[in-house]
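Here is a short tour of one protein model, taking in a sheet and a pocket. Have a look at the structure first, then read on.

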Amino acid sequence: MRKLRQDHGRQDVREFTTFAAAGGWYALPTSCVLEAVDAKALRPITTAGPPWAGVIMHGPDAVPVVDLSTLLELKSVETPSVVILLRVEGRARPVGIL
């Protein structure tokens with residue numbers, strides 16, 4: 001049996017959150033993911049236009065949500081069920097992706 005080296009002192013380990021959207025798999029640094037919420041809570045805003053899907057409430061704030069399949073110009077193969085709320089560097093408020 002080989003011993004596996006465990007190097008817990010390394011600082012270059014990164015964690016990613018993976019998710020499926022528009023027929024593909026994507027990953028985001030876990031440090032920027034606030035939470036995933038049910039897309040049923042999404043409220044459309046028709047005046048925003050593509051790629052914006054609408055807003056979702058997060059605490060007292062309305063968070064803008066972008067439709068990832070529309071943004072990437074991909075055909076959505078299923079009805080989105082989750083909005084991922086993200087912390088974006090340089091932005092005070094979160095943003096969501098459908």
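In what follows, Ala, Val, Leu, Ile, Met, Phe, Trp, Tyr, Cys and Pro count as nonpolar, Asp, Glu, Lys and Arg as charged, and the others, Gly among them, as polar. This is a predicted model, in which local features need pLDDT of at least 70, side-chain atom pairs count only at pLDDT 80 or more, and totals for chains, interfaces and linings use all residues. Residues are numbered from 1 along each chain as its sequence is written, and side-chain values use heavy atoms, without hydrogens or water.

Let us begin with the pocket (an open set of points on a 1 Å grid over the protein atoms alone, where a 1.4 Å probe fits, with protein on both sides within 12 Å along at least five of seven lines). The largest pocket has a volume of about 260 Å³. Its lining comprises 17 residues (each with an atom within 4 Å of a point). By class, they divide as follows.

| Class | Residues in the lining of the largest pocket |
|---|---|
| Nonpolar | 11 residues |
| Polar | 4 residues |
| Charged | 2 residues |

Nearest the centre of this pocket lie Ala20, Ala21, Pro80, Val82 and Leu98. Strand E1 (16-21) gives the most to the lining, with 3 residues.

Now for the sheet. Five strands (DSSP runs of E, at least two residues) form an open, mixed sheet in the order E3-E6-E7-E5-E4. Strands E3 (33-38) and E4 (52-58) are its edges, each pairing on one side only (a pair needs at least two DSSP bridges). E4 runs antiparallel to strand E5 (residues 61-66), joined by 6 bridges. Within this pairing, Gly54 has Val65 of E5 as its bridge partner.

Conventions. Helix = DSSP H or I, 4+ residues; strand = E, 2+ residues; numbered from the N terminus. Points joined across faces, edges and corners; volume = space filled by probe spheres on them.
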